[in-house]
Amino acid sequence: MSINCSWSGTQKELADLYLRKLEIRFETKIEYDSYYLSYSGGKDSHLIYWFIKNRLNTDKIPIIAVNTRLEHKEIMQRMYQNADKVLIPGLNPMDIKEKYGSPCFTKTQDEYIKRYQRGNRSEHTMSRILGVTPSKHNLNKKAKEITLSGTAHKISNECCKKTKEDTLAIYEKETGRKPILGVRKTESINRQGAYQTCLAKNGKFSPIYDFPDAAVDAIYNSYGIDEPMIYQYVHRTGCIGCPYINNAKRIEQDLALATQNQRSYIIQLFKESYDIKGVNYEQFLNNGIYMDSDNQFTLSSYYNDIVKQ
């Protein structure tokens with residue numbers, strides 16, 4: 001079924017159609033004792049967790065999470081509740097910032113800024129910096145301006161790699177297992193190009209890569225799968241206030257969903273990038289309740305029900 005096609009059946013029928021697709025992929029693509037589920041506590045990875053435990057009824061696939069120290073409290077609670085093992089990165093986010101720099105624009109743009117700041121002036125790097133030839137990887141106007149003027153803070157795309165990717169790589173080397181990933185093409189333009197099949201050549205297994213939002217929602221609703229309250233406010237979760245969120249207002253919303261201590265830490269961690277991206281982090285009240293300038297968005301209910309627990 002095409003992701004964009006309409007569905008005329010019931011929600012339960014849609015859910016069962018995609019669950020059958022999941023069953024076929026697990027049955028034909030992988031050996032359970034060679035894989036683990038990379039569990040983030042978010043909606044997509046929890047769907048696969050539920051499927052493994054309730055449809056496959058197997059304990060052969062370990063559930064592995066990584067505490068990056070940057071997760072929302074509700075998501076962190078799910079990780080510790082459901083994972084067989086929660087891994088801790090060797091470096092904390094502040095250490096990564098000091099040693100490598102901060103995320104700011106996009107992973108690709110930050111890679112070229114990092115190279116430039118380290119003295120790389122190769123033809124390829126400068127082509128991306130200056131935008132000599134058309135490319136989606138060229139620096140945007142602001143990134144180019146602060147990079148060439150030398151006014152940029154220390155920028156890099158190492159944060160994701162050093163917190164999560166390297167930590168899971170160590171686990172994979174120690175166990176010989178490959179990851180099952182809860183990623184979907186609908187989440188971003190980059191993922192649309194990166195995920196063209198459920199089983200990659202390197203063995204990574206992404207069984208819901210082509211599931212549309214409607215199918216995921218149908219499975220959750222039809223089978224009463226527990227969904228974190230945070231998803232009433234955001235469509236996706238990840239590291240709190242990550243500068244790679246492409247909208248300053250969305251970053252502010254993410255900060256508002258955090259605890260007061262988390263928010264203070266995140267602002268200190270990403271302050272320089274926030275200044276460049278125009279994130280108004282000074283607006284937050286000490287009690288953690290935030291309302292936007294149009295009085296359209298308040299989180300007092302979420303704050304009282306979840307954050308204070």
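**Exercise 1. Describe the order and the pairing sense of the strands in the sheet, and identify which strands stand at its edges.**

Solution. Begin with the overall arrangement: in this predicted model, four strands form an open sheet in the order β3-β2-β1-β4, and their pairing is parallel. Next, consider the ends of that order, where β3 (85–87) and β4 (178–180) each have a single partner strand, so that one side of each is left without a neighbour in the sheet. Then add the twist: neighbouring strands of this sheet are turned by 40° against each other on average, with direction ignored.

**Exercise 2. Work out how β1 pairs with β4, and which helix packs on the sheet.**

Solution. Take the strand pair as the starting point: β1, residues 35–38, pairs with β4 in the parallel sense over three bridges. Within this pairing, Leu37 has Ile180 of β4 as its bridge partner. Turning to the helix, α2 (residues 43–54) packs on the sheet and touches β1, β2 (63–66) and β4, while its direction makes about 135° with that of β1.

**Exercise 3. Locate the salt bridge between Asp44 and Arg184 in the fold, and decide whether its two residues are buried or exposed.**

Solution. Start from the distance: the side chains of Asp44 and Arg184 meet in a salt bridge, at 3.1 Å from N to O. As to position, the pair links distant parts of the chain, since Asp44 belongs to helix α2 whereas Arg184 lies in the loop between β4 and α9 (189–194), 140 residues apart. For the surroundings, apply the cut-off of under 20% relative accessible area, by which both Asp44 and Arg184 are buried.

**Exercise 4. Set out the salt bridges of Lys53 and of Glu111, and state for each partner whether it is buried, partly exposed or exposed.**

Solution. Consider Lys53 to begin with: Lys53 forms a salt bridge with Asp59, and the closest N and O atoms are 3.1 Å apart. Lys53 has a relative accessibility of 23% and therefore counts as partly exposed, whereas Asp59, at 66%, counts as exposed.

Continue with Glu111, whose salt bridge with Lys114 brings the closest N and O atoms to 2.9 Å. Because Glu111 and Lys114 are three residues apart in helix α5 (residues 107–117), about one helical turn separates them. An α-helix has 3.6 residues a turn, so residues three or four places apart point the same way. Both Glu111 and Lys114 are buried.

Finally, look beyond single pairs: Arg20, Glu23, Glu27 and Arg55 are joined into one network by salt bridges that share partners. The count for the protein comes to 21 salt bridges.

**Exercise 5. Follow helix α6 from its buried residues to the residue after its end, and identify the surface patch to which Leu130 belongs.**

Solution. Look at the interior of the helix: Thr125, Met126, Ser127, Arg128 and Ile129 of α6 are buried, and what covers the buried residues of this helix includes α5 and α7 (141–149). Leu130 also belongs to α6, which spans residues 123–130, but Leu130 is partly exposed, with a relative accessible area of 36%. Together with Val132 and Leu148, Leu130 forms a nonpolar patch on the surface, and these residues have about 250 Å² of accessible area together. After α6 comes Gly131, whose phi is positive, near 70°.

**Exercise 6. Find the loops that hold Asn57 and Arg69, and give the phi value and the exposure of each residue.**

Solution. Most residues other than glycine have a negative phi, and most peptide bonds are trans. Asn57, in the loop between α2 and β2, nevertheless has a positive phi, near 50°, and at 59% relative accessibility Asn57 counts as exposed. Arg69, in the loop between β2 and α3 (73–82), likewise has a positive phi, near 75°, and at 35% relative accessibility Arg69 counts as partly exposed.

**Exercise 7. Summarise the protein as a whole: what are its secondary structure, its buried fraction and its exposed area?**

Solution. Count the elements: the secondary structure comes to 13 helices and four strands. Of the 309 residues, 49% count as buried. Among contacts between residues at least 6 apart in sequence, 69% join residues at least 24 apart. As for the surface, the protein exposes about 15500 Å², of which carbon and sulfur atoms supply 46%.

Key: Residues numbered from 1 in each chain as written. Predicted model: local features only at pLDDT ≥ 70, side-chain atom pairs only at ≥ 80, totals over all residues. Heavy atoms only, no water. Pairing = 2+ DSSP bridges. Helix = DSSP H or I, 4+ residues; strand = E, 2+ residues; numbered from the N terminus. Axes fitted to C-alpha atoms, helices over the stretch in contact; angles between N-to-C directions. Contact = heavy atoms within 4.5 Å. Patch = residues over 30% accessible without salt bridge, like charges linked within 9 Å, V, L, I, M, F, W, Y side chains within 5 Å. Areas by Shrake-Rupley, 256 points an atom, 1.4 Å probe, with all protein chains shown as cover. Salt bridge = Lys/Arg side-chain N within 4 Å of Asp/Glu carboxyl O. Buried < 20%, exposed > 50% of the residue type's maximum accessible area, 1.4 Å probe, protein only.
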